[in-house]
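User: I would like to learn how to read secondary structure, burial and packing from a coordinate model. Please take each feature in general terms and then in the case at hand.

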Amino acid sequence: MLSTLRIRHIGVIDDATLDFGPGFTALTGETGAGKTMIVTGLTMLLGGRLDRGRTRGSSTVDGTLALAGHTELASALDELGADEDDGEVLVVRRVTRDGRSRAQIGGVPVPIGTLARLVGTAVTVHGQSDQQRLRDPDAQREALDRFAVAEVGGLLEHHREIWRERSALASRLTELDALLAERDRRGTALREALERLEQADPQEGEDDALRAEIERLGNAEELRGAAGQAALALVGDDDGPAAATLLALAAESLGRASRTDPTLAPLVERVDSVRLELSDVAAEVSRYADDIDASPGRIEEANERLHELTVLVRDLGALLPGEEGPAEDITTLLATSRTAAIALDRFEGAEQERTEAAERLAALEGELDVAAASLTAARSDAASALSAAVQEELRHLEMPDADIRVEVTAQAHRSHGRDAVAILLAPHPGAEHLPVGQAASGGELSRVMLALEVALSSSRSDRSAAPVFVFDEIDAGIGGRAALAVGQRLARLARHAQVIVVTHLPQVAAHAGTHLQIVKSSHDGATSSTVETLDRPARIRELARMLAGDDASDVALAHAEELLDEARTASAGSASAGSASGRGDRR
């Protein structure tokens, strides 16, 4: 529900606040008072554009929207991080004179498209030229589905579940076909490459280790000589001094001195530790010298193995590439081979999976045909019921000779079924049934749209989740009995939705539960407008002005009071009858 609307600096409105009632709110006022600016402000709140000629500086619209019952909207706003106060959220739209626009929902800045998408789910503006529901085939199908939600809703969801599974399976089949094509193209080569790797049995880093070994073996004599000289320098022989001999002398001298000065004892221990370490190093150097294999046989063997691994990397590197291209060493080749092995495993199961997926897809096609046929049957029944309901509303709206037809025809299969829904109208006997947007005049189009909304509202059980309908001069081009009928049907619609109507007809305004008047005033050559909420005496005066152009005429005042009382009586009787009939309604 739209609780309040504040408009600043749009057209003749400087600053006006509108407090809407929960049911039917009528907006009236003299010509030029700014009624159109109210609708302009509402349209801005839905993301619409503002004509620069209608702004004097910056224009701002604030709207307070009650979220009760609007579960999807409340969830979307919660995800957005919008603040709410006692179940209401503040929506703000500001447009500067140079055309820059800003929007906020619950204090969170949002793009204009987001504003239109979110607030548009709760508020619908109907004007003389924008009855989109009567022109858009998808909107008409959705309207029919909502009308018969009890009969169609479950079937539609079942159809969509099958459609989603079918779409997922079709996508998977495409993937499996590509995988099997890759298997046919690469599978044999990958398998042969992995078998060749298995036969060669290379180890990670083996090629680098072989290069190091070949380098060592090629310089074995030089390395053995260097190791021998090092060992001689460390431990020496009987012919000359060595590090071990000198360390022994140092240890002996410090040992004698420590007996006189005990503070030298730690140094003696450290020298002994060095002697032990030197002895170990000398032993390892000697073993290294003894272990160097300078045999030609080992060098030849290492060279042959390195050649084998080099050829393996050259031949298989491009066949088993990694993320950075062909492998250039054994370690990388082994890593990419593991990826190839995984691919082969996928190839092995792909054919069986494709067979099973194809069988399930064929079964789903049959299930989908059955689900679509059930949907078509339910929609066809609902179309007859909706046609009758709208036809009855048109009779009340002084269009008894018009013939409405909700037609369900076949179209390409889609997620919602294979039904196209069109609302057709023959405005008078003998006329051809045409899409209602083409067959109806402006006044007729407004009444057909109202008849449709009233008929659809009869299937809505949750009043709190009802939409907000804004009608901009829906009564244009009508009068007399038709005007009274429009007022009565708007009042009926307001039992299931919030209805805000800009009207120039007293017969319509009299049926409203809340009556707002746009009041124009002039000061110092400037004209501005404000909005007032009318009590009963003020309503009578405003209705008298609308009836006779004079709010002081006793005759006009009496007529206005009579009109107001009759509208109240009619609305009360209609509500009582509607309640009684609703208890027996199929919905």
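User: Which residue in the turn of the β6 and β7 hairpin has a positive phi?

Analyst: Helices (H or I, at least four residues) and strands (E, at least two) are DSSP runs, numbered from the N terminus; two strands pair if DSSP finds at least two bridges between them. In this predicted model, local features need pLDDT of at least 70, side-chain atom pairs count only at pLDDT 80 or more, and totals for chains, interfaces and linings use all residues. Residues are numbered from 1 along each chain as its sequence is written, and side-chain values use heavy atoms, with hydrogens and water left out. Two residues separate β6 from β7 in their hairpin, and Gly106 in the turn has a positive phi of about 60°. The pairing of β6 with β7 (residues 108-109) is antiparallel and has two bridges, and Gln104 has Pro109 of β7 as its bridge partner.

User: How many bridges join β5 to β6, and in which sense do the strands run?

Analyst: Strand β5 (residues 88-95) and strand β6 (residues 101-105) run antiparallel and are joined by five bridges. Arg93 is the residue opposite Ala103 in β6. The hairpin of β5 and β6 has five residues between the strands, and there Gly99 takes a positive phi near 95°.

User: How should one read the sheet that contains β10, and which strands are at its edges?

Analyst: In a regular strand the side chains alternate between the two faces of the sheet. The sheet here is open, with three strands in the order β9-β10-β11 and antiparallel pairing. Its edge strands, β9 (403-414) and β11 (434-435), each pair on one side only. Two bridges connect β10 (residues 417-426) with β11 in the antiparallel sense, and Leu424 stands opposite Pro435 in β11.

User: Which helix lies across β9 and β10?

Analyst: Axes are lines fitted to C-alpha atoms, for helices over the stretch in contact (heavy atoms within 4.5 Å). Angles run from 0 to 180 degrees between N-to-C directions. Helix α4 (residues 137-147) lies across β9 and β10, and runs at about 95° to β10.

User: What span should helix α8 have, and where do its buried residues fall?

Analyst: The expected span of a helix is 1.5 Å times one less than its number of residues. For α8 (residues 243-260), 18 residues at 1.5 Å a residue should span 26 Å, and the end C-alpha atoms are 26 Å apart, which agrees. Buried means under 20% relative accessible area, exposed over 50%, and partly exposed in between (1.4 Å probe, protein chains only). The buried residues of α8 are Leu247, Ala251, Gly255 and Ser258. Seen down the axis, they fall within an arc of 80° (that of the directions from the helix axis to the C-beta atoms), so they line one face of α8. The exposed residues Leu246 and Thr260 are on the face of α8 turned away from the buried side. The cover over the buried residues of α8 includes α9 (265-291).

User: Is Glu284, in helix α9, buried or exposed?

Analyst: Glu284 lies in α9 and is exposed, with a relative accessible area of 51%. Glu284 and Ala231 are 53 residues apart in sequence, while their C-alpha atoms are 8.9 Å apart in space.

User: Where is His159 found, and which residues is His159 in contact with?

Analyst: His159 is part of helix α5 (residues 149-200) and is buried, at a relative accessible area of 0%. With its neighbours within four places in sequence left aside, His159 is in contact with residues including Leu368, Ala371, Ala372 and Leu375. Others among its contacts are His413, Arg414, Ser415, His416 and Gly417.

User: What is found at the start of α16 and just after α16?

Analyst: A polar contact is a pair of N or O atoms within 3.5 Å; within protein, one must be able to donate a hydrogen and the other to accept it, and residues adjacent in sequence count only if both atoms are side-chain atoms. At the start of α16, a side-chain oxygen of Asp535 comes to within 3.0 Å of the backbone nitrogen of Ala538. Just after α16, Gly549 has a positive phi of about 75°. The 13 residues of α16 (residues 536-548) should span 18 Å at 1.5 Å a residue, and the end C-alpha atoms are 18 Å apart, which agrees.
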